[in-house]
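Me: I would like a close look at the interior of this protein, taken slowly and with the cut-offs behind each term. Please treat it as one connected account rather than a list.

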Amino acid sequence: MAKTTLFTNGRIFLSPVRPGQNAGLHTPPSFASCLLIRNDTILHVGSPEDESITTALLPSSSEEEEEEEEETVETIDLAGHSLLPGFIDGHMHLMIMGQSLTKLDLGSCKSLSDIRSTIRSYAATYPDVPRILCRGWMHSMTPDGVTAKDLDGLDLDGKDRPILVDTKDLHSAWCNTAGIRDLGAQEWKDVPGGTIERDAEGKVTGVFNEAANITYVWPYLAQVATVDERMAAIQAAVEAYHSVGYTGAIDMAMDEGAWDALQELRRRSSSEETNGGKEGIPLRIAAYWLVKPGNNDEENVRQVERAIELARQFNSETTPDCRIVGVKVICDGIIDGCTAGLSEPYEHNGHREVPLWTAEQLKPVVQRADEAGLQVALHAIGDETIKTVLDVLIAHASPERRPRVEHLELSSERDAERLGKAGITASIQPVHADPAILKAWPKLLGAHRCGRAFAYREFADHGAPLALGSDAPTAPHAPLPNVYIGATRRSYREPNYQTTVNPHFALGVCEAVAAASQGVAYSCRDENRIGRLEKGMKADFTIVDMDWEKEKLKEAKVLETWFDGKKVWSAKN
């Protein structure tokens with residue numbers, strides 16, 4: 001039975017620009033007052049007087065009822081609330097996000113003492129968990145460095161469970177001595193682009209950085225979790241995403257363990273009872289396959305071939321809501337860990353990081369992916385790495401594939417211009433620009449370089465399509481706080497913290513909302529189905545109680561989330 005739903009008396013957000021364009025700093029939002037959907041598709045956006053609306057509300061004659069499929073019409077009064085396109089997270093990690101929801105959060109810790117106390121308390125509260133898994137560690141909490149011994153002796157008497165701690169950004173992991181044994185880390189060999197920290201005798205000390213973390217620790221976490229546990233993590237992430245207004249996401253580091261769990265979840269979700277007979281889960285997922293640093297070009301390209309193989313099976317024609325769209329390469333680390341690639345040494349120690357990938361190593365990966373029709377996403381945080389990836393993308397990636405650069409935290413003025421002129425997508429995460437988590441940057445970079453941090457305004461003004469993401473679980477995943485930070489350059493984590501980060505690089509509110517929906521859809525070549533509220537588009541949207549003044553965005557509340565024309569989350573429940 002067809003179902004028609006009319007949403008009226010609302011503020012239906014209308015994007016002021018076409019996909020691939022940016023709205024600009026001062027463009028005010030514009031609204032319709034009614035939205036009409038039938039089943040999973042938008043029929044009309046406009047006002048109550050429009051013919052499409054009045055016709056839909058007319059009672060059918062008895063002859064029409066006999067000739068046409070029986071139809072019900074429901075009218076929903078939005079009571080003046082805003083109705084926005086379903087947000088799409090432009091950069092996240094789906095399974096790891098779900099797993100993080102059950103990990104001990106160390107984000108509020110300030111020191112090693114705080115970390116030890118928090119873990120000791122958790123260990124006493126949860127005596128039966130086999131491993132103590134934690135998240136949210138930042139290097140600034142432990143400026144003198146850490147080893148496994150710092151986590152030893154925190155368990156209950158008679159117990160010595162493995163303790164494994166992720167950094168907030170997921171680029172490093174730290175474990176206790178029992179964790180080293182559980183990981184088998186003493187037998188690990190060094191890998192390109194990563195470090196396994198060792199003492200003077202060559203023994204592993206319990207900290208694993210960059211490619212070593214990705215190559216060894218991530219697969220370990222997937223291996224010790226059963227398929228059912230991995231599926232439960234994905235399901236938990238989907239539910240968490242619905243609660244803040246998301247209807248889609250881009251997984252930016254897909255691997256075998258997460259992909260297998262995702263496909264099994266899709267298969268189990270295909271019954272009539274669970275998902276209306278549709279195979280899948282109620283979140284539109286585009287995935288970029290993670291290419292890890294290998295020992296040679298052949299090893300690197302072999303990973304691209306795996307992505308090509310999967311993309312032939314899972315694509316916009318065969319599985320449009322769960323597809324492989326490209327490859328992702330992590331080309332440098334992070335500034336807090338002093339692993340981002342900089343053109344000048346770090347201010348506090350004179351260190352310059354060795355590139356995780358050189359231009360020569362990237363070239364065959366980018367060329368092979370591009371010639372196979374895949375998109376290329378390159379993680380680049382430091383200015384030197386940003387320059388390198390732009391050199392490679394401009395030379396070897398086709399513009400029509402819509403290549404993209406992830407993060408772009410410290411770019412030169414020249415490269416901001418190159419990014420825009422080349423039409424390369426700026427995949428940005430304003431939540432990483434929260435001033436509350438950047439307190440160590442002046443010491444690490446010097447004030448002169450902090451002035452170039454998160455230059456979003458330049459990217460947009462030079463013409464780079466914007467796609468907003470959260471990088472969850474490395475940062476809070478909710479989209480409206482992301483928009484708030486992007487527009488105000490102020491802290492959402494610590495509202496009373498008065499510091500702003502380069503406010504001249506701010507985005508407009510309307511611009512940021514569009515970049516967090518249609519901008520992300522455009523970035524993964526799905527702008528003709530999702531991302532904006534227009535006739536013929538998928539009925540994915542969120543209803544929000546919000547004020548459109550940028551300073552008041554932090555008070556916005558998601559009331560409902562709709563996916564494929566069905567309500568999948570409500571604050572009332």
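Reply: Lys-168 is a useful place to begin, as this residue counts as buried at 13% relative accessibility, where buried means under 20% relative accessible area, exposed means over 50%, and partly exposed covers what lies in between, with a 1.4 Å probe and protein chains only. This is a predicted model, in which local features need pLDDT of at least 70 and side-chain atom pairs count only at pLDDT 80 or more, while totals for chains, interfaces and linings use all residues. Residues are numbered from 1 along each chain as its sequence is written, and side-chain values use heavy atoms, with hydrogens and water left out.

Lys-168 sits in the loop between strand 11 (163-167) and strand 12 (172-175); helices (H or I, at least four residues) and strands (E, at least two) are DSSP runs numbered from the N terminus. Although Lys-168 and Arg-135 are 33 residues apart in sequence, their C-alpha atoms are 6.3 Å apart in space. A similar kind of contact can be described for Ile-180, which belongs to helix 5 (residues 177-183) and is buried with a relative accessible area of 7%: its C-alpha atom is separated by 7.8 Å from that of Pro-162, 18 residues away along the chain.

The empty space inside the model comes next. Seven cavities of 30 Å³ or more are counted, a cavity being a set of points on a 1 Å grid over the protein atoms alone where a 1.4 Å probe fits but cannot get out, and lining residues being those with an atom within 4 Å of a point. Grid points are joined across faces, edges and corners, and a volume is the space filled by probe spheres set on the points.

The largest cavity holds about 250 Å³ of space and is lined by 24 residues, of which Asp-169, His-171, Ile-334, His-432 and Asp-471 lie nearest its centre. Helix 6 (211-224) and strand 17 (322-330) each give at least two residues to this lining, which divides into 11 nonpolar, seven polar and six charged residues; here Ala, Val, Leu, Ile, Met, Phe, Trp, Tyr, Cys and Pro count as nonpolar, Asp, Glu, Lys and Arg as charged, and the others, Gly among them, as polar.

Asp-471 deserves a second look, since this residue has a positive phi of about 65 degrees although it is not a glycine. Asp-471 is placed in the loop between strand 21 (466-468) and helix 17 (479-488), and is buried with a relative accessible area of 7%. Pro-473 lies in that loop as well, and a cis peptide bond, with omega of about 10 degrees, joins Ala-472 and Pro-473.

The second largest cavity encloses about 180 Å³. Of the 15 residues that line the second largest cavity, Met-95, Ile-96, Gln-99, Trp-218 and Asp-255 are the closest to its centre. Helix 3 (94-100), helix 6 and strand 15 (246-254) each give two or more residues to the lining, with the largest share, four residues, coming from helix 3. By class, the lining of the second largest cavity has nine nonpolar, two polar and four charged residues.

The last part of this interior is aromatic. There are 15 aromatic pairs, counted where rings of Phe, Tyr and Trp (its six-membered ring) have centres within 6.5 Å, with planes under 30 degrees apart called stacked, over 60 edge-to-face and the rest tilted. Phe-454 and Tyr-456 form an edge-to-face pair, 6.1 Å centre to centre with 75 degrees between the planes, whereas Tyr-456 and Phe-459 form a tilted one, at 6.3 Å and 50 degrees. Tyr-456 and Phe-459 both lie in helix 16 (residues 456-461), three residues apart, about one turn of the helix. Phe-454 is buried at 1%, Tyr-456 is also buried at 1%, and Phe-459 is buried at 0%. Ring pairs link Trp-441, Phe-454, Tyr-456 and Phe-459 into a cluster. Arg-489 lies over the face of Tyr-456, 5.2 Å from the ring centre; a charge sits over a ring if NZ of Lys or CZ of Arg is within 6 Å of the ring centre and within 35 degrees of the ring normal.

How values were computed
1 Å grid on protein atoms, 1.4 Å probe; cavity = no way out; pocket = protein on both sides within 12 Å on 5 of 7 lines; lining within 4 Å.
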